[in-house]
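Open the model in your viewer and keep the selection box at hand. Each stop gives a selection and then what to look for there.

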Amino acid sequence: MQYTTAYTSPIGDILLAADQTGLTGLWFEGARYFANGLDPEHTEQDLPVFRQTKQWLDIYFSGSIPDFMPPIHMIGSDFRQAVWQLLLEIPYGQTITYGALARKIEQQSVAVRMSAQAVGGAIAHNPICILIPCHRVVGTNGSLTGYAGGIQKKIKLLSLEKADLSGMFVPRTGTAL
């Protein structure tokens, strides 16, 4: 059984989902893949994991680094989980490229070659945004692409973390930040 609750962040409303193990979803309203994997039979309920997650988000959106992680329950293929686990290793305020993540996956597996596109697909389906920081992944050329919550939210999250956005740009417009 899955449970849900809502959280209002400074950059948009968020839906949280959890099961008995931990947080299973954190999606911005209107995001691509919104509530993907959410059990249709879910119930709105206040749970300790939701209180912990809201506390974590309050600290994060205040511009501080939370010193704890609510329990999370990553549900996905082994490949997706491996990619999401690597996302957890990206330090606050820093970025990494899709290609660099692909090379890390190659080092961890028997795969001879891993494409950045395959890694990008796994990242796009990350059901627990912000806590599993897919917003910290950028294109090789510094392009801010591929955030299911929208590029403007990605920019706001990276700015909140004081990430170095010099040289980064939004590819469709070519606008430098």
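**Stop 1: Tyr 60**

Select Tyr 60 and show what surrounds it. Beyond its neighbours within four places in sequence, Tyr 60 contacts Pro 66, Tyr 92, Ile 130, His 135, Leu 157, Leu 160 and Glu 161. Keep in mind that this is a predicted model. Tyr 60 belongs to helix H1. Is Tyr 60 buried or exposed? Its relative accessible area is 0%, so Tyr 60 counts as buried. Now draw a distance from Tyr 60 to Glu 161. The two are 101 residues apart in sequence, yet their C-alpha atoms are 8.7 Å apart in space.

**Stop 2: the rings around Tyr 60**

Add Trp 56 to the selection. Trp 56 and Tyr 60 form a stacked aromatic pair. Their ring centres are 5.4 Å apart, with 10 degrees between the planes. Both residues lie in H1, which spans residues 48-61. They are four residues apart, about one turn of the helix. An α-helix has 3.6 residues a turn, so residues three or four places apart point the same way. Trp 56 is buried, as is Tyr 60.

Widen the selection to Tyr 7, Phe 61 and Tyr 92. Ring pairs join these three with Trp 56 and Tyr 60 into a cluster.

**Stop 3: another ring pair**

How many aromatic pairs does a search of the whole structure find? The count is five. One of them is Trp 27 with Phe 34, an edge-to-face pair. Here the centres are 6.3 Å apart and the planes are at 65 degrees. Colour the two by accessibility. Trp 27 has a relative accessible area of 5%, so it is buried. Phe 34 is partly exposed, at 31%.

Next, select Phe 28 and Lys 153. The charged end of Lys 153 sits over the Phe 28 ring, 5.3 Å from the ring centre.

**Stop 4: helix H5**

Lys 153 leads to the next selection: helix H5, residues 151-160. Which residues of H5 are buried? They are Lys 153, Lys 154, Ile 155, Leu 157 and Leu 158. Show what these side chains pack against. The partners are strands E2 (12-18), E3 (23-28), E6 (137-138) and E7 (169-170), together with H1 and helix H3 (98-108). Step past the end of the helix to Lys 162. Lys 162 follows H5 and has a positive phi, near 60 degrees.

**Stop 5: H2 against H3**

Select helix H2, residues 78-87, together with H3. Their axes are 11 Å apart and the packing angle is about 120 degrees. H2 and H3 are therefore oblique to each other. The crossing of H2 past H3 is right-handed. On the H2 side, the contact is made by Phe 79, Ala 82, Val 83, Leu 86 and Leu 87. On the H3 side it is made by Leu 101, Lys 104, Ile 105 and Gln 108.

**Stop 6: H3 against H4**

Keep H3 and swap H2 for helix H4, residues 116-124. The axes of H3 and H4 come within 8 Å and cross at roughly 100 degrees. That angle makes H3 roughly perpendicular to H4. H3 makes the contact with Tyr 98, Gly 99, Leu 101 and Ala 102. H4 supplies Ala 116, Val 119, Gly 120 and Ile 123.

**Stop 7: Ile 96**

Go to Ile 96, in strand E5 (residues 96-97). Ile 96 is buried, with a relative accessible area of 16%. Show its contacts, not counting residues up to four places away in sequence. They are Ile 90, Leu 101, Lys 104, Arg 136, Val 137 and Val 138. Then draw a distance to Leu 47. Ile 96 and Leu 47 are 49 residues apart along the chain, and their C-alpha atoms are separated by 34 Å.

**Stop 8: two loop residues with positive phi**

Finish with the backbone. Select Ala 35, in the loop between E3 and strand E4 (43-44). What is the phi of Ala 35 near? The value is near 60 degrees, positive in a residue other than glycine.

Then select Ile 130, in the loop between H4 and E6. Its phi is near 70 degrees, again a positive value in a residue other than glycine. Ile 130 is buried, with a relative accessible area of 1%. This brings the tour back to its start, as Ile 130 is one of the contacts of Tyr 60.

Methods
Residues numbered from 1 in each chain as written. Predicted model: local features only at pLDDT ≥ 70, side-chain atom pairs only at ≥ 80, totals over all residues. Heavy atoms only, no water. Phe/Tyr/Trp six-rings, centres within 6.5 Å; stacked < 30°, edge-to-face > 60°. Buried < 20%, exposed > 50% of the residue type's maximum accessible area, 1.4 Å probe, protein only. Lys NZ or Arg CZ within 6 Å of the ring centre and 35° of its normal. Contact = heavy atoms within 4.5 Å. Axes fitted to C-alpha atoms, helices over the stretch in contact; angles between N-to-C directions. Parallel < 35°, antiparallel > 145°, perpendicular 65-115°, else oblique. Left-handed = near helix turned anticlockwise from the far one by under 90°.
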